[in-house]
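Me: Could you teach me how to read a protein structure, one feature at a time?

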Amino acid sequence: MAENDEFFMREALALAREAGAADEVPVGAVVVCDGEIVGRGFNRPIGLHDPTAHAEIMALRDAARNLANYRIPGCTLYVTLEPCAMCSGAIFHARIARVVFGARDPKTGVAGSVMDLYAQERLNHHATIEGGVLAEECARLLSGFFAARRGKTLLA
């Protein structure tokens, strides 16, 4: 784990809370280049009526705008939940160097949970991947959101 991983994951968690407050699945993401946040995003598919508006995509779009380039090599993406196949494709196309995620996603995660796209040697770009940073806090936020939706309370 890099020195600032927890700091940047906490920034992503703050964005995830914004998503939850907007009745979106609470996932947040930040893109960091040279120690600075250059992109921020949280889940917005419901509010934007856009199935591609996942936290990672929103953060990548923001970073690309801010850096005036669709390729953002050398950057790290921090996200509170293991990326899905769609987001991983965008990560590869953006040329992100490193992905750090919090909680694993046993239903759609492709960084080792359902499959591991990041280990596919035939893909033309590879990002290093690290999971489990503040995993319990990230998972608790998601579990609490879904428990509240089901009308149950979750003990913290």
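**Reading the fold**

Me: How are contacts in the protein chain spread along the sequence?
Reply: A contact means heavy atoms within 4.5 Å. Among contacts between residues at least 6 apart in sequence, 56% join residues at least 24 apart. Keep in mind that this is a predicted model, where local features need pLDDT of at least 70 and side-chain atom pairs count only at pLDDT 80 or more, while totals for chains, interfaces and linings use all residues. Residues are numbered from 1 along each chain as its sequence is written, and side-chain values use heavy atoms, leaving out hydrogens and water.

Me: Which elements does the protein chain have, and how many?
Reply: Helices (H or I, at least four residues) and strands (E, at least two) are DSSP runs, numbered from the N terminus. Here there are five helices and five strands, in the order α-β-β-α-α-β-α-β-β-α.

Me: What span should helix α5 have?
Reply: The expected span is 1.5 Å times one less than the number of residues. Helix α5 (residues 135–149) has 15 residues, so it should span 21 Å, and its end C-alpha atoms are indeed 21 Å apart. Just after α5, glycine 151 takes a positive phi of about 80°.

Me: Which residues of α5 are buried?
Reply: Buried means under 20% relative accessible area, with exposed over 50% and partly exposed in between (1.4 Å probe, protein chains only). In α5, Cys138, Leu142, Phe145 and Ala147 are buried. Their cover includes α1 (5–21), β3 (76–81) and β4 (98–103). Across the protein chain, 46% of the 156 residues count as buried.
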